[in-house]
Amino acid sequence: MIIKVAKNAGFCFGVERAVNGVIAWAKANKDKSVKVYGMLIHNSYVIEKLKELNVKVIENINEIEKDDIVFIRSHGVSMKEFSEIEKRASKVYDFTCPYVKKIHEIVRENSENGLDVIVVGDINHPEVKGIIGHVEKGRKCIVIDSLEKAKDAISQLGRNTVVVCQTTFDNAKWCEIKEYIENNTDYKVFDTVCKATITRQEEAKVLARDVDVMLVIGDKKSSNTNKLYQAIKDIKPTFFIERPQDLDGIDFAKVKKIGITAGASTSQEQINEIVEILEKRFNQIDNQDFAKLLDKSFAEIKRGEIVKGKIIKVEQDYLLVDIGYKAEGIIYKNEIFKNANVNLKNIFKENEIIEAVVIKESDEEGNVVLSKLKADSIYGFNELMAKFESKTPIKIVVKQIRERSIVGEFRGINVFVPISQWAEEVSSSIIGKVFEVEIVDIDTDKKIAFGSRKFLLRQAQEKKIQQAIESLDFNKDYDGVIAEIRQKGIVVNFEGLRGFVPASEISYSKRIEDVKKLFKVGEQVKVRVIDIDKQKKQIYLSIKKTQEDEWIKKVKNLYLGMLVDVEVTKVLSFGLVVWILDCELDGFVHVSNIPLGYNQRLHSLYKVGDKIKAKIIEIDEQRRRIGLSLKDLYEEEEKIAEHKEDFVITIADIVNNIKLDS
């Protein structure tokens, strides 16, 4: 008889993390009270094992005492429950499945932004109850488990709705509901069914077609194990195995191939136990398919050995590393950084290659315990020296803020950066975060380094500015904000850059003397790039080029010979600059067009603010110039006066007029 075990049978990552974490804590802290709030997983076999380690499963928060260490189950809890547990317990460890946690974040963020929530799943399942507990107070939340209920929910909710799904919900049902909602609403739909669950079901279906009988190992109270059973029971005869004795009721007389799968909450220990019983009974096993259990194809490793591996999972307090061995390597935070309160998720990424030293071949869960610190102590300083000599920046993790410096760590070596060289705001928020610095000095005796960020930040800023400048479009109007008003123009911030608008580019028609009256700091304006001095990194802008040409529009109402009222705005040696009040445009009266007596000067005859009449003698649209004259006007007035003096009415004229009237 051949026994085939599905590759993905047993604990998923989230469940394995929760179970192993609790067991490890219980073994290491036998003198402390360890409690799990709610069923850690739906597996009575595992729960019994926990009880043997004096781990108590509680369902009521009131059972938590101040000295208790409490673990949150993989299904998660509501925000209210978590807050209450934190108040009561000595320490709380959250082992909520990362995929469930993601749903909490989606629900919380969207409901805070005013969206109602639809949860697709079993309303009585602890995971769903936990999800509901993350919906913002005052927002509607409806739980559905069928297409009919989905239609009903849509009729009750408005457009602003978000949809999520229980991680272990039946995938076929979810796809049907999801498709309907997406085709009939504008709801935000997140596909949160655990892909591991789908993969497990599909793999089980393939295996079922290749064997004579299927065994599903796990607890009947487990949602995902039940769905696994439902997925394959119609393909081949399928039996639910909770305990070894459940095998006794199965007739294997005509069976040549047995397929085995297990739910995400089923331990490897349970699977191994069933496989061993079957192997002893039938004395056969498919070694190729069952290599994971036999662990015969991996090389041995030894304590003190340096290994390289790929990070396959990043958690806040530890890393899981694939080191090409039968078991994964685990590096706890205290074996990565010394006395650093950091979140490893902010520093490491999956698929990164990491180097570490084996400090324990196997812990209680079978993981190889590794130390990055020990590897750093061997290679770290040499790498630091190489970076220093090649002037290559390094990445440090900030551990501490002192009075005059910031203490970071690079591969176990302290790097001190004077606050004056940090070049950014210094606050407690930078602790535990990664920053790039350049090494400016190394004390080889003390094995410490000194760094700076000033030059790197300046370089980064200059590069950013250069890239932004090169991307500017001379034909595009940009939104800007006035940062400063100067005598010769205004400074405008736009697109993360700063540019200057000369007074001549502010308006086609407005008087430049009034810039401070026309604008104020903080005012929003439209600007267009007209020139860039790349050497000086100066950008010249125009406001008037974003506007309609008012000058042309206004000048169309003027004509040569037109008399206009003007106000003197500047008195120059060679003429007067005037403001044409009728159309609000600048004009110029050349000295040759101003009547002057012997030895008279313009400054003695006119002053700023004088209001006089002038005659338009030139309109030059190309140069935007309006020429005026006072002389022509003066000469005309003289002629009129002379004509009046020569005009005399005689008595004879009057008599003749009377005759004519008669």
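Visitor: Before we look at a loop between two strands, what counts as a strand here?

Guide: A strand is a DSSP run of E with at least two residues, numbered from the N terminus. Keep in mind that this is a predicted model. Now take Asn351: it sits in the loop between strand 15 (329-332) and strand 16 (353-360).

Visitor: What is the phi of Asn351?

Guide: Positive, about 80°, although Asn351 is not a glycine.

Visitor: Is Asn351 buried or exposed?

Guide: The cut-off for exposed is over 50% relative accessible area. Asn351 has 54%, so it counts as exposed.

Visitor: Which loop holds Arg624?

Guide: The one between strand 31 (611-620) and strand 32 (625-629). Arg624 also has a positive phi, near 55°, and is not a glycine. Its relative accessible area is 33%, so Arg624 is partly exposed.

Visitor: Let us turn to a hairpin. How do strand 24 and strand 25 run?

Guide: Antiparallel, with 6 bridges joining strand 24 (residues 489-494) to strand 25. One bridge partnership links Asn493 with Arg498 of strand 25. The hairpin has 2 residues between the strands, and Glu495 takes a positive phi near 50°.

Visitor: How do side chains point along a strand?

Guide: In a regular strand they alternate between the two faces of the sheet. As for cover, strand 25 (residues 497-502) has 5 of its 6 residues buried.

Visitor: Where does Ser405 lie, and what does it touch?

Guide: Ser405 lies in strand 19 (residues 405-410). Its relative accessibility is 14%, so it counts as buried. Setting aside neighbours within four places in sequence, Ser405 contacts Phe416, Val417, Pro418 and Ile419.

Visitor: Now the interior. How many residues has the largest nonpolar core?

Guide: It has 29. Among those with the most contacts inside it are Leu215, Phe252 and Ile260. Elements giving two or more residues to this core include strand 1 (2-5), helix 8 (195-210), strand 12 (257-262) and helix 10 (268-282). Strand 10 gives the largest share, 5 residues.

Visitor: What does Ile260 touch?

Guide: Residues up to four places away in sequence are not counted. Among the contacts of Ile260 are Ile3, Val5, Leu207, Leu215, Val275 and Leu278.

Visitor: And outside: which residues form a nonpolar patch on the surface?

Guide: Ile306, Ile378 and Tyr379, with about 240 Å² of accessible area together. Tyr379 belongs to helix 12 (residues 372-389). Its relative accessibility is 36%, so Tyr379 counts as partly exposed.

Terms used
Residues are numbered from 1 along each chain as its sequence is written. This is a predicted model: local features need pLDDT of at least 70, side-chain atom pairs count only at pLDDT 80 or more; totals for chains, interfaces and linings use all residues. Side-chain values use heavy atoms; hydrogens and water are left out. Buried means under 20% relative accessible area, exposed over 50%, partly exposed in between (1.4 Å probe, protein chains only). Helices (H or I, at least four residues) and strands (E, at least two) are DSSP runs, numbered from the N terminus. Two strands pair if DSSP finds at least two bridges between them. Patches are made of residues with over 30% relative accessible area and no salt bridge: like charges are joined within 9 Å, nonpolar side chains (Val, Leu, Ile, Met, Phe, Trp, Tyr) within 5 Å. Accessible areas come from the Shrake-Rupley method with a 1.4 Å probe; for residues, only the protein chains shown count as cover. A salt bridge is a side-chain nitrogen of Lys or Arg within 4 Å of a carboxyl oxygen of Asp or Glu. Contact means heavy atoms within 4.5 Å. A nonpolar core is a set of buried Ala, Val, Leu, Ile, Met, Phe, Trp, Tyr and Cys residues joined through side-chain atoms within 4.5 Å.
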